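Colleague: I should be grateful for a close look at the salt bridges in this model. Please describe the partners in each case and how far they are exposed, and then place them beside the other features that you consider relevant.

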Amino acid sequence: MGPEKGHRYGTMLCDLEQGRVIDLLPTRDSETVAAWLRQHPSVQVVSRDRAGPFADAIRKGAPNAVQVADRWHLLNNLVDTLLRSLERHRGTVREVRGRLEAPPETQLVRSSGPEDPQTLASQRTQQKRKGRLELYQQMTELIARGKSQSEAAAAVGVSLRTVQRWTATGVFPERKHRVFPSHVDAFGPYLERRFAEGCTNASQLWREIRQQGFRGNISGVLRWLQRRFVSLRTSGMTPPIKRRPPLCLEHVAWLMLKADPRRHRFLKALYRDSSELESLGRTARGFFEMIRNRDAVAWPQWLEAAAHSPLASFARRLERDRNAVDAALQLPWSNGIVEGQIHRLKLIKRQMYGRASFDLLRLRVLHST
């Protein structure tokens with residue numbers, strides 16, 4: 001069983017043994033799904049995602065069927081919970097990362113010349129962030145006064161999904177800064193060597209790499225040099241400052257799940273600075289390993305340990321779905337076939353340009369050519 005992702009939801013039902021779609025329902029409400037299950041009493045095992053309506057529908061329509069929680073969705077829920085927890089510790093993660101990646105003392109020497117002024121793009125970014133921060137503060141004040149999320153979204157002028165995401169995070173969500181590749185990168189080693197030799201004239205450097213095959217204009221070379229060096233206006237040579245990529249909490253989360261904290265330098269420092277992050281990482285990694293290894297014996301032990309960890313609320317939600325998680329660890333069934341069929345359904349919808357009725361969509365999905 002699985003939902004059709006988007007603003008309008010439906011339900012796809014697949015025969016996991018034969019690997020084919022057996023029906024498509026227009027909604028995902030529990031009564032519709034339960035009615036279908038009552039009409040098919042031979043169903044014995046149902047693999048599903050973590051959606052509550054599906055669990056209720058199975059209990060109503062096929063009370064004797066075994067419910068199996070999809071393992072991919074369990075891990076996806078874990079990663080989402082881990083990211084929300086890491087968002088509250090972003091400052092600690094950034095501090096540890098900066099301390100470990102700081103260049104040697106001799107490489108931090110800067111020229112005495114004036115610093116480059118803030119670029120126009122950077123100013124626009126700061127202005128946009130300030131505007132989003134004001135909206136976030138207005139939203140939190142409205143919710144604190146008792147307004148619902150829908151009312152707060154309408155008053156602030158953002159979508160309900162944005163308010164839900166901000167509220168779930170618990171702190172102001174910083175946007176990721178994307179770094180785009182440049183055609184100048186291919187000539188980076190040459191430019192760095194020439195700059196170290198004392199050539200700080202962007203026009204001269206541009207002419208030299210043009211002779212080596214560069215086809216861009218001088219402005220691209222100038223921006224590339226400004227990003228990597230402290231200042232091009234000083235008379236003395238300044239060592240290059242390598243820019244660090246923006247902090248990515250997704251990368252930190254996957255390190256906590258996969259890397260050995262006893263051998264990974266960053267994780268050792270992070271856990272040494274924060275006992276809460278150490279407990280979070282240990283508990284999350286335990287669940288990750290348990291699901292991947294389908295270790296049913298470790299399941300009750302993990303629940304007990306997680307009850308006193310930063311993942312306590314996540315463990316309580318799993319406790320309410322305990323039998324389905326237990327079945328996921330013991331039985332081979334999963335939603336893999338369903339996810340592939342949902343992808344096929346999306347392709348069919350795009351082919352019809354969104355103009356066909358649900359009945360035609362259902363026929364095309366059920367009777368593939």
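Modeller: R322 and E319 form a salt bridge in this predicted model, and their closest N and O atoms are 3.3 Å apart. R322 has a relative accessible area of 30%, so it counts as partly exposed. E319 is likewise assigned to the partly exposed class because its relative accessibility is 38%.

A further pair is made by R193 and E197, whose side chains meet in a salt bridge with an N to O distance of 3.1 Å. R193 has a relative accessibility of 43% and is therefore partly exposed. For E197 the value is 49%, which again means partly exposed, since the exposed class begins only over 50%. This pair also belongs to a network of salt bridges, in which R193, R194, E197 and E208 are linked.

The salt bridge between D273 and R99 has an N to O distance of 3.0 Å. Here the two partners come from distant parts of the chain, 174 residues apart. D273 lies in helix α12, which spans residues 265–273, while R99 lies in helix α4, which spans residues 90–101. With a relative accessibility of 39%, D273 is partly exposed; R99, at 42%, is partly exposed as well. Across the whole structure, the search finds 15 salt bridges, including the pairs described above.

Disulfides present another picture, for their count comes to zero. In general terms, a disulfide is a covalent bond between the sulfur atoms of two cysteines. Among the cysteines, C14 has a relative accessible area of 13% and is therefore buried. C199 is also buried, because its relative accessible area is 13%; the limit for this class is under 20%.

Strand pairing supplies one more link between separate segments. Strand β4, residues 45–48, and strand β5, residues 66–69, run parallel and are joined by four bridges. Within this pairing, S47 of the one strand has V68 in β5 as its bridge partner. Between the two strands the chain passes through helix α2, residues 52–61, and the resulting β-α-β crossover is right-handed.

To return to your request, the salt bridges examined here include one that connects helix α12 with helix α4 through D273 and R99, and one, between R193 and E197, that forms part of a network.

Definitions and conventions. Residues are numbered from 1 along each chain as its sequence is written. This is a predicted model: local features need pLDDT of at least 70, side-chain atom pairs count only at pLDDT 80 or more; totals for chains, interfaces and linings use all residues. Side-chain values use heavy atoms; hydrogens and water are left out. Two strands pair if DSSP finds at least two bridges between them. A crossover is right-handed if, with the strands pointing away from the viewer, the path from the first strand over the helix to the second runs clockwise. A salt bridge is a side-chain nitrogen of Lys or Arg within 4 Å of a carboxyl oxygen of Asp or Glu. Buried means under 20% relative accessible area, exposed over 50%, partly exposed in between (1.4 Å probe, protein chains only). A disulfide is a pair of cysteine sulfur atoms within 2.5 Å.
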